[in-house]
Structure formats: structure tokens, C-alpha cells
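Reader: Please take a close look at one part of this structure. Keep the sentences short, and explain each term as you go.

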Amino acid sequence: MEANPRSTGRLPAAFLTPGSSSFMDFLADHSPEMLPGNRKLPEGIIEAPHGTTIVAATFPGGVVLAGDRRATMGNMIAQRDIEKVFPADEYSAVGIAGTAGLAVEMVKLFQLELEHFEKVEGATLSLEGKANRLSTMIRGNLGMAMQGLAVVPLFAGWDEGKEKGRIFSYDVTGGRSEEHGFASTGSGSIFARGSMKKLYRADLTEEQATTLVVQALYDAADDDSATGGPDMARRIFPIVTVITEEGFRRLSEAESSALARSVTERRLEQPDGPRAALL
């Protein structure tokens with residue numbers, strides 16, 4: 001009689017020889033109930049904390065991805081220091097807007113998806129391939145999105161083939177679009193995008209690009225109550241990340257603090273922010 005793998009403490013053979021380079025497909029075959037989109041939910045719209053504004057901007061040599069720290073539930077602040085920007089792998093990152101808990105879980109699954117592919121294939125996915133994998137994961141969550149548990153991320157990274165930073169945005173159905181120059185998502189995205197539209201230039205330095213995204217988040221918080229601005233009293237500042245050919249880097253607390261303070265101090269003189277030239 002063949003020994004039960006659970007009684008011997010050994011993994012089943014299928015777990016040791018996965019037939020697909022996709023961790024999502026592997027999970028769907030062996031534990032489909034663990035996929036977020038396969039969970040049974042009660043009827044009706046579900047109230048849960050939501051993350052809000054994410055912004056991104058490219059510059060010669062890389063891309064910046066940043067997010068505010070507020071999560072809301074209805075008209076209430078659910079959390080003041082939530083983290084919404086995560087590394088996907090060494091050369092890419094995801095910023096999450098939408099249902100906070102589900103979004104964080106999806107990011108962790110996406111990280112496993114990329115790691116699984118690399119281990120099985122012995123090579124990393126192209127940036128385009130990573131963007132496509134994320135699109136598939138979002139599409140698998142459509143049922144939950146229809147009940148109010150939507151996840152709408154921004155994906156950014158360094159394209160080693162094209163030697164430049166790139167940004168991809170998504171809708172709730174998994175539809176993917178490449179954004180050029182800058183992008184935003186979340187409840188304050190319309191205000192953040194308007195801010196970046198006036199201030200963005202193709203020749204920004206890395207320092208200017210990080211300043212740009214913090215300015216955009218400040219403008220979003222100025223008009224959208226669900227977006228949190230720099231909280232000086234509690235020392236809670238936006239998360240700002242930079243991805244270049246050297247890989248993913250998150251600005252330290254000291255760096256993000258200094259950046260947010262410089263923007264805030266200038267706003268004491270110009271509450272509406274920097275002025276763009278008319279022509």
C-alpha cells in the first residue's frame with residue numbers, strides 16, 4: 001500500500017514537479033479555495049477598509065512609484081499609516097488602491113508568482129510578462145470586485161530590454177494600459193494626475209521626480225478626503241520608491257520626511273503649490 005504523503009511528512013510528487021511556470025495555475029489545480037477570487041462571500045456590498053491614492057512618474061534612468069498612507073471605510077479613517085507600495089521583485093513594484101486587505105494579499109500572491117516562474121524556468125519574466133501576469137490575477141478577482149471588493153493597482157518597473165522605466169495601469173476587469181510619463185489611481189487620482197500634468201517634464205532628475213510625486217499626493221489630499229497628506233505630528237509620510245537599472249529602492253524615513261517637509265514648508269508660501277508656465 002502506498003504511504004499517505006501527510007502521514008510521512010513528505011510533499012506529494014506533484015508539489016515537487018510542478019507542470020506549469022505559473023504559481024496561480026499550480027494553486028488552482030491543488031488548492032483552488034486559496035485563490036482570493038474563489039472565496040464565497042455574503043450577498044450585497046461589503047464594507048472594508050480601502051486604500052486610496054497611488055502615483056508614478058518616469059525619468060531618464062528609472063521610474064518613481066509612491067502612495068499616501070491613509071485607508072478609509074466609508075467616511076471614517078480606518079488606518080493612518082497603511083503601506084500601499086511593495087516590491088514585486090528586484091526590478092518592479094506594485095502600488096495598491098482598492099480593498100486594502102485583499103490588495104495586500106494579491107501583492108503577496110503576485111510576488112510568489114514571479115518567484116515561482118524564476119525558479120521553474122531559471123529566468124526572470126520580462127517587464128511586459130510581469131504586467132500580463134498581474135492583469136490575469138486582477139481578472140480572477142472580478143466576482144469580488146462586483147461586490148465592492150475591487151483592487152486597482154499601478155505596476156511600475158525597469159525594463160532591462162528597453163533600458164527605461166515603464167508604468168502600467170489596470171481597471172477592475174484586468175484591462176491593462178501602458179502609461180507614458182506619469183499615472184495615478186485611487187480616489188484622489190484625478191487631482192494627482194492634474195497636478196502631475198502641469199509639472200511633469202521628460203528630463204526630470206530622480207530628485208525632481210520624487211518631489212513631483214509628493215507634490216501630486218499633497219494636491220490629492222488637498223481635494224480628496226480619502227487621501228492622507230504628510231502627517232507632521234505623527235511623523236507619517238508618503239512611501240516613495242525608486243526603480244532603476246540598479247533595482248528597487250525605497251526612500252528611507254529620513255529621506256521621505258525631508259522631502260515631505262520641504263514640500264509642506266513651500267506650501268506655507270504657496271498653498272496651491274508650484275506654478276506651471278503658461279507657455
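**A pocket and what lies around it**

Author: Helix α7 gives the most to the lining of the second largest pocket, with four residues. Helices are DSSP runs of H or I with at least four residues, strands are runs of E with at least two, and both are numbered from the N terminus. This is a predicted model, in which local features need pLDDT of at least 70, side-chain atom pairs need 80 or more, and totals for chains, interfaces and linings use all residues. Numbering starts from 1 along each chain as its sequence is written, and side-chain values use heavy atoms, without hydrogens or water.

About 210 Å³ of space lies in this second largest pocket. A pocket is an open set of points on a 1 Å grid over the protein atoms alone, with protein on both sides within 12 Å along at least five of seven lines; a cavity is a set where a 1.4 Å probe fits but cannot get out, and lining residues have an atom within 4 Å of a point. Points are joined across faces, edges and corners, and the volume is the space filled by probe spheres set on them.

Who lines the second largest pocket? Phe191, Ser195, Lys198 and Leu199 do, along with Asp219, Asp222 and Asp223. Asp272, Pro274, Arg275 and Ala276 are also in the lining. Both α7 (189-199) and α8 supply at least two of these residues. By class, the lining has six charged residues, four nonpolar and one polar. (Nonpolar covers Ala, Val, Leu, Ile, Met, Phe, Trp, Tyr, Cys and Pro; charged covers Asp, Glu, Lys and Arg; the others, Gly among them, are polar.)

Leu199 and Pro274 lead on to another space. Both line the second largest pocket. The largest pocket has 15 lining residues, and Leu199, Thr211, Leu212, Gln215 and Pro274 lie nearest its centre. Two elements, α8 (206-223) and α9 (253-269), give two or more residues each to that lining. The top contributor is α9, with five. The largest pocket holds about 380 Å³ of space. Its lining divides into six nonpolar, six polar and three charged residues.

Now follow α8 to Val213, which lies in this helix. Val213 is buried at 0% relative accessibility. (Buried is under 20% relative accessible area, exposed is over 50%, and partly exposed is in between, with a 1.4 Å probe and protein chains only.) Leaving aside neighbours within four places in sequence, Val213 is in contact with Val55, Ala56, Ala57, Val64, Ala66 and Val240. Contact means heavy atoms within 4.5 Å. From Val213 to Tyr200 is 13 residues in sequence, and 9.6 Å in space, C-alpha to C-alpha.

Tyr200 brings us to the aromatic rings. The whole structure has three aromatic pairs. Rings of Phe, Tyr and Trp (its six-membered ring) pair if their centres lie within 6.5 Å; planes under 30 degrees apart are stacked, over 60 edge-to-face, and the rest tilted. In one pair, the ring centres of Phe110 and Phe155 are 5.8 Å apart and the planes stand at 80°, so the pair is edge-to-face. Phe110 is in helix α4 (residues 100-121) and Phe155 in strand β9 (residues 154-159), so this pair ties together parts 45 residues apart in sequence. Phe110 is buried, at 0% relative accessible area. Phe155 is buried too, at 0%. Tyr200 pairs with Phe182 in a tilted arrangement, 5.5 Å centre to centre with 55° between the planes. Phe182 sits in strand β12 (residues 182-185) and Tyr200 in the loop between α7 and α8, so this pair ties together parts 18 residues apart in sequence. Phe182 is buried, at 12% relative accessible area. Phe110 and Phe155 form one aromatic cluster with Phe168.

Phe110 also borders an enclosed space. Rolling a probe the size of a water molecule over the atoms shows where empty space is left. The count comes to one cavity of 30 Å³ or more. The largest cavity holds about 40 Å³ of space. Its lining is Val94, Ile96, Ala103, Met106, Val107, Phe110, Leu134, Val151 and Pro153. Helix α4 gives the most, with four residues. By class, the lining has nine nonpolar residues, no polar and no charged.
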